[in-house]
Amino acid sequence: MIRNTAASYGRVARFFHWSIALLVLLDLGLGVAGKYTPRSGDTVGFLQLLYSTHKTIGVTVLALAVLRVIWAVTQPRPLPLHPERRLETFAAETAHWVLYAAIFLLPLSGWVIHSAEVGFAPIWWPFAQDLPFIPKSERLAELAANVHWIAGIVLAATVAAHIGGALKHALIDRDSTLARMWNGRAAGDAKAAHAGKAASTLAAMGVWAIAIGGALTVFAPAHEGEIAARQPAQSTAGWVVQEGRLAISVTQMGAEVTGGFANWDARIEYDPDSGAGTVRAVIDTTSLKLGSVTEQAKGPEFFDVATHDKAVFEGDIRRVGGSNHSAAGALTLVGQTVPVTLDFDLDLADDRATVSGSTALDRRDFGMGAGYPDESTVGFSVTALIELVATKAE
Ligand code: HEM
Ligand code: HEM
């Protein structure tokens, strides 16, 4: 039978239950496996495959969940087999509502993480990548990841209780609860009634309110600061950097991923009359943020921050003409020193210098990403972008 009756689940309801159950359990497993896989150059390919699979399965669950609910509201819900066991019936039905909500909340929170963060592990065809109205924001991605994680714990605990209940009915009560869902057997008394629907839905809503509220407040991750945060003004020689941004962008799986260094310091000597000077910038590579690939980028294959926690650029500044300047020198990164020229604009007004420039580096010059000899996963070119405002030291 296609449709449900008061005593049985029809084929469609059973198809939705078991297909979603299978995919949800698989995705829980993949999510946990991903969480506990160490981040390194060696695992990046594996993690990419794992998360693309995880996300695509998750979005499939969401699509099935929408169809399931549309179908379920047109169907009677089979009545409980033991309505006289009021507490048990209430607990079972609360668990069903918690699970119904979970098959929306998990995929949606996951999709928000994916939309808010940059790069890494695409969702596969035929689904879209980004949800509308979700901005690229590291903070939002962090919060959504926290909701996703805590929702995953609630889901896992509820599924465990749900499976436990199904097994108890099959093995201890020896009734037809499991058979009803497994092969559509009809069972139960048409005069039975569901547990108070309002009470069980309210209880399930309470569970989710506590979980999501907690994830967004008490259990929210501490905020580490935005990418390329304002850096402390420490330089004294010549010009003092008041604020600045040191960003990098790379192409990863065909999409541009932009991030930056939160901590760096630049000592600048510059004579506005001659347009000549020197610069020495020291960059704390451990402060790199590069969207969802931060850990891989900091790993041994790329910036290797465990061994090289600093990068240094030293160069001579020269005015090319008007506001156009260049700083020609050397960049030492992961132990390799390579000649680099940074072209930048420098605008002076009232002893305030506004600098904005960029340069293109080739990761191969620094021996980065040797395991990625072509550009299919990570592009060769890395664009470094610098913007700063400095004032003349007293
Ligand atoms: C091996 C794992 C599972 C078993 C053995 C199982 C078993 C069952 C059984 C026997 C029922 C019918 C309960 C009744 O008639 O009162 C049921 C209903 C339900 N199950 Fe599962 N289940 C499993 C996994 C899951 C998972 C992973 C989810 C969701 C994430 C889920 C969601 C639901 C929901 C929402 C209902 C209520 C359906 C309705 O009445 O519309 N189940 N399950
Ligand atoms: C049935 C649906 C889903 C379940 C049960 C599920 C479960 C999980 C679990 C248990 C984790 C590990 C916890 C963690 O790393 O914080 C995880 C991680 C993750 N999931 Fe899902 N997920 C689902 C759907 C999705 C979807 C649809 C997406 C994206 C489109 C997604 C994206 C992610 C991402 C990006 C992570 C890593 C989070 C991080 O690094 O903090 N998930 N998921």
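**Two iron sites in one chain**

Hi everyone, let's start with the metal. In ligand 1, the iron atom is coordinated by the NE2 atoms of His 17 and His 162, at 2.0 Å. Before I go on, please keep in mind that this is a predicted model.

How far apart in the chain are His 17 and His 162? They are 145 residues apart, with His 17 in helix 1 and His 162 in helix 4, and the pair links distant parts of the chain. And what about the geometry at the iron atom of ligand 1? The site is octahedral, with 6 donor atoms and angles of 85 to 179° among them.

Now look at what lies around ligand 1. The ligand is surrounded by 19 residues, and the closest are Tyr 9, His 17, Tyr 100, His 162 and Arg 180. Some of these make polar contacts. Tyr 9 has a polar side-chain atom 2.8 Å from an oxygen atom of ligand 1, and Arg 180 has one 3.2 Å from an oxygen atom of this ligand. For His 17, a polar side-chain atom lies 2.7 Å from a nitrogen atom of ligand 1.

Let's move over to ligand 2. Which residues hold the protein donors of its iron atom? They are His 54 and His 148, each through NE2, lying 2.0 Å from the iron. His 54 is in helix 2 and His 148 is in helix 4, so this pair ties together parts that are 94 residues apart in sequence. The site is octahedral, with angles of 86 to 180° among the 6 donor atoms of the iron.

Around ligand 2 there are 20 residues, the closest being Gly 31, His 54, Gly 110, His 148 and Trp 149. Helix 1 (11–35), helix 2 (44–72), helix 3 (86–116) and helix 4 (138–173) are the elements that give two or more residues to this shell. If you sort the shell by class, you get 12 nonpolar, 5 polar and 3 charged residues. The two histidines show up again in the polar contacts: a side-chain N or O atom of His 148 is 2.7 Å from a nitrogen atom of ligand 2, and for His 54 a polar side-chain atom lies 2.8 Å from a nitrogen atom of the ligand.

Trp 149, one of the closest residues to ligand 2, has another partner. The charged end of Lys 35 sits over its ring, 4.2 Å from the centre. Elsewhere, Arg 364 has its charged end over the ring of Phe 380, 3.5 Å from the centre. And to finish with rings, the structure holds 6 aromatic pairs. Thanks for listening!

Conventions
Residues numbered from 1 in each chain as written. Chains lettered and ligands numbered in written order. Predicted model: local features only at pLDDT ≥ 70, side-chain atom pairs only at ≥ 80, totals over all residues. Heavy atoms only, no water. Phe/Tyr/Trp six-rings, centres within 6.5 Å; stacked < 30°, edge-to-face > 60°. Lys NZ or Arg CZ within 6 Å of the ring centre and 35° of its normal. Near = heavy atom within 4 Å. Polar contact = N/O pair within 3.5 Å; in protein donor to acceptor, adjacent residues only side chain to side chain. Helix = DSSP H or I, 4+ residues; strand = E, 2+ residues; numbered from the N terminus. Nonpolar A, V, L, I, M, F, W, Y, C, P; charged D, E, K, R; others polar. Donors = N, O, S within 2.8 Å, 3.2 Å for Na, K, Ca; no water. Tetrahedral: all angles 85-135°; square planar, octahedral: opposite > 155°, others 65-115°.
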